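User: I am beginning to read protein structures and would like a close look at a single part of this one. Please explain how two packed helices meet and how that region fits into its surroundings.

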Amino acid sequence: MSITSDIIRGHTETIILAHLIKQDSYGYQINKDIMETTNHTYELKEATLYSAFRRLEQAEYIVSYWGNEGTGARRRYYSITDKGRKAYEEQKRDWESAKAMIDKLLQ
Amino acid sequence: MNENLKNYLDEVFKKAPKTRKALELKEELLSNSQDRYEDLIHGGTSAEDAYDMVVSSIGNVEELFDSLQEEVGMDMENRIELRKKMAVIKTVATGLYILSFVVLLLFTIVDSMMSIGADLPLIGFMLMIIIDIVPTCMLVYSNSLYGPYQKREDTIVEEFKEWQFNSKRNKSIRNAASAVLWSLTLVLYFIISFVTFAWYATWIIFLAALCAQAVIILMFRLREARD
């Protein structure tokens, strides 16, 4: 399990971009999707998630805006940029080629 | 709305730098933690267990604090460097002003001891003015070194500092312009007076300078208003 976690953690940013390509979202929603997709075997720590958000913002792959929830704390939504879409396609290609290579090596 | 979660985050963020980034991170964490908490409660988890689960999912937020603070130190180093440079310029400029005054004094003393035929005090005075051009230019240059204030840390305090800095900078430029104006007036007064010997009328030049200063101040005000 720890190897799986390490590999997933290495792709945190690509996973976030993959979510934002479908629609704008916020931290908990993204984490919840990850939990549901992995059948509750994997989830990101908040701290990991936010440092990833900050890195993506710095690279201008995503931008953020505040929602206006009537009650409680406001949600911070993230939206992918064109630059982010390009980065996602590139990172996905990288992963596909790495996956193919590892498959061959482990046969 | 769970107050315990808010209190927990308040406690954690006591050690965080007081920046807007930190406040926003806290608000973001709080809204996400509350969403998670409510989902757990709806799923049938007890309040106590839900709280523990949410807190453990937050993880080590303190490792994020460094990135919220880092940029402040860099700015301080730049400011100290700039301040050192300006101190050197100001010291040298003051030295030059004193030197020019010594030149005038020397010429006057020599004149009182022996008569060469030339108007030594006037020559000394001219030399003083010519020497004074250098430190005046240096001071004007050192004021332009300030540049627009670079807001490194996105806080309300920094916004105030920016405003304060800019008005201070405007003031120092205005003071430099004033100093140049009045030294020029004094030079003109003596030159015209010595040439024409019309001492009874030449004082009017000071009134003209007063008008000029009013115009300069007005120009600065207009520029400030436009900004």
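Analyst:
**A helix pair in chain A and its surroundings**

Of the 107 residues in chain A, 36% are buried. The model discussed here is predicted. Chain A contains 5 helices and 3 strands, and its elements follow the order α-α-β-α-α-β-β-α from the N terminus. If one takes the contacts in chain A between residues at least 6 apart in sequence, 47% of them join residues at least 24 apart.

The part chosen for a close look is the pairing of two helices. Two packed helices are described by the angle between their axes and by the distance between those axes. Helix 2 of chain A covers residues 12–22 and helix 4 of chain A covers residues 46–58; they pack at an angle of about 75°, and their axes are 10 Å apart. Because angles of 65 to 115 degrees count as roughly perpendicular, helix 2 of chain A is described as roughly perpendicular to helix 4 of chain A. On the side of helix 2 of chain A, the contact is formed by Thr12(A), Glu13(A), Ile16(A) and Leu17(A), while helix 4 of chain A contributes Leu49(A), Ala52(A), Phe53(A), Arg55(A) and Leu56(A). Sorted by class, this contact comprises 6 nonpolar, 1 polar and 2 charged residues.

Two of these residues reappear in a wider setting. The largest nonpolar core has 31 residues, and Ile16(A) and Phe53(A) are among those with the most contacts inside it, together with Phe13(B), Leu25(B) and Val61(B). At least two residues of this core come from each of helix 2, helix 3 (27–37), helix 4 and strand 3 (76–80) of chain A, and likewise from each of helix 1 (3–12), helix 2 (20–42) and helix 4 (62–69) of chain B. Helix 4 of chain A provides the largest share, 5 residues.

Phe53(A) deserves individual attention. Leaving out residues up to four places away in sequence, Phe53(A) touches Ile16(A), Gly27(A), Ile30(A), Ile62(A) and Tyr78(A), and also Glu28(B) of the other chain. Another core, of 6 residues, lies apart from the largest one; Tyr37(B), Ala50(B), Val54(B) and Val55(B) are among its members.

The contact with Glu28(B) leads to the interface between the chains. There, 21 residues of chain B are in contact with 21 residues of chain A. About 1800 Å² of area is buried between the two chains, and carbon and sulfur atoms give 49% of it. Glu28(B), Asn32(B) and Arg36(B) supply 31% of the area that chain B buries against chain A, more than any other three residues.

The loops on either side of helix 4 of chain A complete the picture. Asn39(A) is in the loop between helix 3 and helix 4 of chain A, and its phi is near 55°, a positive value in a residue other than glycine. Asn39(A) has a relative accessible area of 64%, and is therefore exposed, since exposed means over 50%. Glu60(A) is in the loop between helix 4 and strand 2 (62–66) of chain A. The phi of Glu60(A) is near 65°, again a positive value in a residue other than glycine.

Notes
Residues are numbered from 1 along each chain as its sequence is written. Chains are lettered from A and ligands numbered from 1 in the order in which they are written. This is a predicted model: local features need pLDDT of at least 70, side-chain atom pairs count only at pLDDT 80 or more; totals for chains, interfaces and linings use all residues. Side-chain values use heavy atoms; hydrogens and water are left out. Axes are lines fitted to C-alpha atoms, for helices over the stretch in contact, and angles run from 0 to 180 degrees between N-to-C directions. Helices (H or I, at least four residues) and strands (E, at least two) are DSSP runs, numbered from the N terminus. Angles under 35 degrees count as roughly parallel, over 145 as roughly antiparallel, 65 to 115 as roughly perpendicular and the rest as oblique. Contact means heavy atoms within 4.5 Å. Ala, Val, Leu, Ile, Met, Phe, Trp, Tyr, Cys and Pro count as nonpolar, Asp, Glu, Lys and Arg as charged, and the others, Gly among them, as polar. A nonpolar core is a set of buried Ala, Val, Leu, Ile, Met, Phe, Trp, Tyr and Cys residues joined through side-chain atoms within 4.5 Å. Buried means under 20% relative accessible area, exposed over 50%, partly exposed in between (1.4 Å probe, protein chains only). Buried area is the accessible area (1.4 Å probe) that two parts lose on being put together, summed over both.
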